[in-house]
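Open the model in your viewer and keep the sequence panel visible. The tour begins at one residue and then widens to the whole chain.

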Amino acid sequence: MSTATAAARVKGPIVWLNMDQQELDDAYDQIVYAPNRELVAKRRIANGVAALARLGKPMRFAYGPTEIEGLDVYRTKAANAPIGIFVHGGAWRSGQASEFAAVAEPLVNAGANYVVLDFTNVDQAGGSLFPMVEQVRRAVGWVYRNADKFGGDRNRIHLMSHSSGSHLAGCTITHDWTKDGLPMDIIKGAALSSGMYDLKPVRLSKRSKYVAFTDEMEQQLSAMRHLDKLHAPLILSYGTCETPEFQRQSRDFAAAVKAAGKPVELLVGEGYNHFEMLETLANPYGLLGHAVMAQMGLMKN
């Protein structure tokens, strides 16, 4: 929004913090703050095609009975190697595993297996986020139980995510794994970028037009409210050109984790917008790529 437009618009009633409805809606609409979204997406797809040409096609496994419940595994040459699981974003409405091959290359070359998940979207789920969260959790559990099928070390699983994928990942790192017959610490570290960790303001925004928010959904699927179940060292990040709400969500989540006495690091990408932050994960020298590889113990002296 230009300065002239902002000055001409009459501010409406406050809906959240100091924002009226339009400002809040804009704060949960990435295109308002990142008009180069399509350009960055084209770069990501092109880089993924190039990565596939060098790495070869991934292994494909089903973690559930429906067609969408599958995951791609890009194997590293090392045996019994750590595993990086990526949860993609897309406003809960779009995205598929095959679009995120570019993230695989630096991890595979550094000695880690890269796993990227497919899962349903909120439109297919009738407006509910519960099926998406359940599938991501189940996929992580599958990786833990079946790591030997691709030479992975189930005791070195790390989670990575971006955007709405970070909301799903936040719900995954604050899950009670004992309900699935698994150890609480199956995730050894997590790097969540540009996500949402409390659904209250999201529910007040225009995203409620396609997400059928309920009190139960807001409470159960807000990671900020379940820090007692967090058992993984956490890296959170956002870019300085992201929307004010996406910046605040990461800052507030980091502060809450720190206040709970649990390990957390907050990274700020200077000059990056929402979509550009993901590009730094696909770069071993990028803000996120470097941090993730350090967390996974892949950095060479």
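Select Gly297 in this predicted model. Gly297 lies just after helix 12 and takes a positive phi of about 75°.

Next, step back to helix 12 itself, residues 287–295. Which of its residues are buried? They are Leu288, Gly289, Ala291, Val292 and Met293. As a guide to viewing, an α-helix has 3.6 residues a turn, so residues three or four places apart point the same way.

Now show what covers those buried residues. Among the helices, select helix 5 (104–110) and helix 11 (274–279), both part of that cover. Then add the strands: strand 7 (152–162), strand 8 (187–193), strand 9 (234–239) and strand 10 (264–269) are also included in the cover.

Zoom out and colour by secondary structure. The chain holds twelve helices and ten strands. Along the principal axes, its C-alpha atoms fill a box of roughly 60 × 40 × 40 Å. The radius of gyration is 19 Å, which agrees with the value near 19 Å for a compact globule, because the chain has 301 residues.

Switch on a contact display. Of the contacts in the chain with a separation of 6 or more, 73% are between residues 24 or more positions apart. Buried residues make up 55% of the 301 residues.

Finish with the surface. About 12,900 Å² is exposed, and carbon and sulfur atoms supply 53% of that area. Colour by charge last: there are 32 positive and 31 negative charges, and their mean positions are 3 Å apart.

How values were computed
Residues are numbered from 1 along each chain as its sequence is written. This is a predicted model: local features need pLDDT of at least 70, side-chain atom pairs count only at pLDDT 80 or more; totals for chains, interfaces and linings use all residues. Side-chain values use heavy atoms; hydrogens and water are left out. Helices (H or I, at least four residues) and strands (E, at least two) are DSSP runs, numbered from the N terminus. The radius of gyration is taken over C-alpha atoms; the globule rule is 2.2 Å times the number of residues to the power 0.38. Buried means under 20% relative accessible area, exposed over 50%, partly exposed in between (1.4 Å probe, protein chains only). Contact means heavy atoms within 4.5 Å. Accessible areas come from the Shrake-Rupley method with a 1.4 Å probe; for residues, only the protein chains shown count as cover. Lys and Arg count as positive and Asp and Glu as negative; His and the chain ends are not counted. The place of a charge is taken as NZ of Lys, CZ of Arg, CG of Asp or CD of Glu.
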